[in-house]
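Thanks for coming. I have one model to show today, and I will keep to a few points about how its parts meet.

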Amino acid sequence: MAIESLERQPARDEWFAQRVWGLSGNKVLLTGNASPRPATSLARQIYLPRSAEEIVSVVKSLPATTPIAGVCGGHESSNAAVLASNEAVVLDLRHLKSIDFHRDGESTLVTVGAGVVFRELVEALKEHQGALPVGTGPGVGVVGYLVSGGLSGYFSRRLGLLGQRVVKLTLVTPAGDLRITTPDDELFVAMLGAGSALGIVVDVTFRVEPASAVQSAEQRVVAFETRAQAVEFSRGALRFMRDHAFPNEPVSLELVVTGTKALVATVVFDDSFKGSTADFVKPLEDLAASLKLAVVMKAHWGSWYETAAALWPVIAGQTGNPLATLQHCVSTKGVPADQILDFVCNTLVAEAPLDEAELSLVEIRTLGGAALAGSRLPSGNCQHTFFVDLITLYDAKNKTADERQAIVDLTKRVMDKAREVNGLTVDFSGTHSQPDDVGYVVAASDIFGTAAMAETVKALKKKMDPNNRLRFHPFARLL
Ligand SMILES: Cc1cc2nc3c(=O)[nH]c(=O)nc-3n(C[C@H](O)[C@H](O)[C@H](O)COP(=O)(O)OP(=O)(O)OC[C@H]3O[C@@H](n4cnc5c(N)ncnc54)[C@H](O)[C@@H]3O)c2cc1C
């Protein structure tokens, strides 16, 4: 197939503005009070392939040293693939939109093309009464999330990581060969956490769970005015998490503390939960009352679909010109000790830059369950029981150079303190770390789960991609 006949994207600036969700907080720093140069892709060519054959033809027709970047949903926090470099070629995979359901005995499988984003997959699953552990962002690329070991705060305790539900994955290697991989392949497992460094995924097949796996969810939104109130509510809510959610596997609990001064407690109940869901969350309402904080919203979602789609309107409100973001996480392998919970309240909630970066979130959640029990993937996300992420987020439009720098410094200060805490793993997630941080501190053994897994990934990278063609990914400083 002649590469000349492939669709190309002529306007790089327009493409970049459309395809990128937010800009890394490290890339909006200014010197002096100068206006920032608008960010754009550096790639020398952007192709929009429509099939595996077209991907093969691009990869094979270029010199074996030409770097290549795959773009799916454009949400990765350091913007590595969308920016690329001036020698690179970008493959924008957005035309690969197929979603095909099929049966395998009693099981339902779905094969998803590399351009599908979560909103599209969730809507298709609704039609087929299915459920998967999807990510929260409607525009996040299914494959971009999968190849970085993505996790679902609401569903992974019951349904595992999305990567643990893959039965087949088709990719184009850095040499331009089409490969179909299944669970017996070493490459198959490595793709489900380090895949952006190893191949271009064409499509992936998941084992779907019936939608009835999720019974319902309750959400309570509590307003606060002072940070001290947020810390006190978090302290009570995390004791509740310790005593009632960790020992109770059919329950997933997430507490989000927002820069818009809300404490959002969400409890998702699996099919095996027995009892009254309203009674289960009553202690959280009592906690708010005891601190004289108002419960400003109560929501009940009656299905997997309603729960999966619940945050879409909230995420639609996260906008900026540009929207700046930094992602970090901390976690424990087992149920967290009280001093860890205290650290989360007294430092993470108390000192996160929620006032300076007003769209920021501290998300504190139960994990473990099926994600911990399932097959081992090269991702710290399947090694942990308790998970906190700090998403620093703000509209950079009206921030001065000093304010932008202060936000980076405040975020870094909190994460540096976390690194001093015994028993906490810091920045172990391909989806919740900030790979373009200056002095980036992350261990390959944490981010790929174990030292042995990190070695496997490194060996495969050497073998599959000796010229490092696939270099625009969150693990670039490790591989
Ligand atoms: C609003 C929002 C919500 C989020 N929610 C969650 C969540 O619930 N859970 C979670 O774990 N993470 C979450 N994330 C993080 C998100 O999962 C990661 O940033 C993910 O990498 C984004 O994938 P993408 O396809 O959108 O981004 P892209 O920037 O397009 O891709 C990300 C990486 O994957 C590579 N890639 C893309 N397509 C392919 C392909 N076909 N083959 C090989 N490599 C490919 C790219 O080269 C790049 O390195 C969220 C992020 C945002 C901004």
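I will go through the domains, then one interface, then one strand.

This is a predicted model, where local features need pLDDT of at least 70, side-chain atom pairs count only at pLDDT 80 or more, and totals for chains, interfaces and linings use all residues. Residues are numbered from 1 along each chain as its sequence is written, and side-chain values use heavy atoms, with hydrogens and water left out.

The protein is divided into domain 1 (3-92), domain 2 (99-211) and domain 3 (213-444), with bounds from an automatic or database domain assignment.

Now the interface of domain 2 and domain 3. About 3200 Å² is buried there, 65% of it from carbon and sulfur atoms; buried area is the accessible area (1.4 Å probe) that two parts lose on being put together, summed over both. Of the area that domain 2 buries against domain 3, Leu151, Tyr154 and Arg157 supply 31%, more than any other three residues.

How many salt bridges cross this interface? The rule finds one, taking a side-chain nitrogen of Lys or Arg within 4 Å of a carboxyl oxygen of Asp or Glu.

Last, strand 11 (residues 214-223), where strands are DSSP runs of E, at least two residues, numbered from the N terminus. Strand 11 pairs in the antiparallel sense with strand 13 (residues 262-270) over nine bridges, and also in the antiparallel sense with strand 14 (residues 295-301) over six bridges; pairing takes at least two DSSP bridges. Ala223 stands opposite Ala262 in strand 13, while Glu218 has His300 in strand 14 as its bridge partner.

How values were computed. Helix = DSSP H or I, 4+ residues; strand = E, 2+ residues; numbered from the N terminus.
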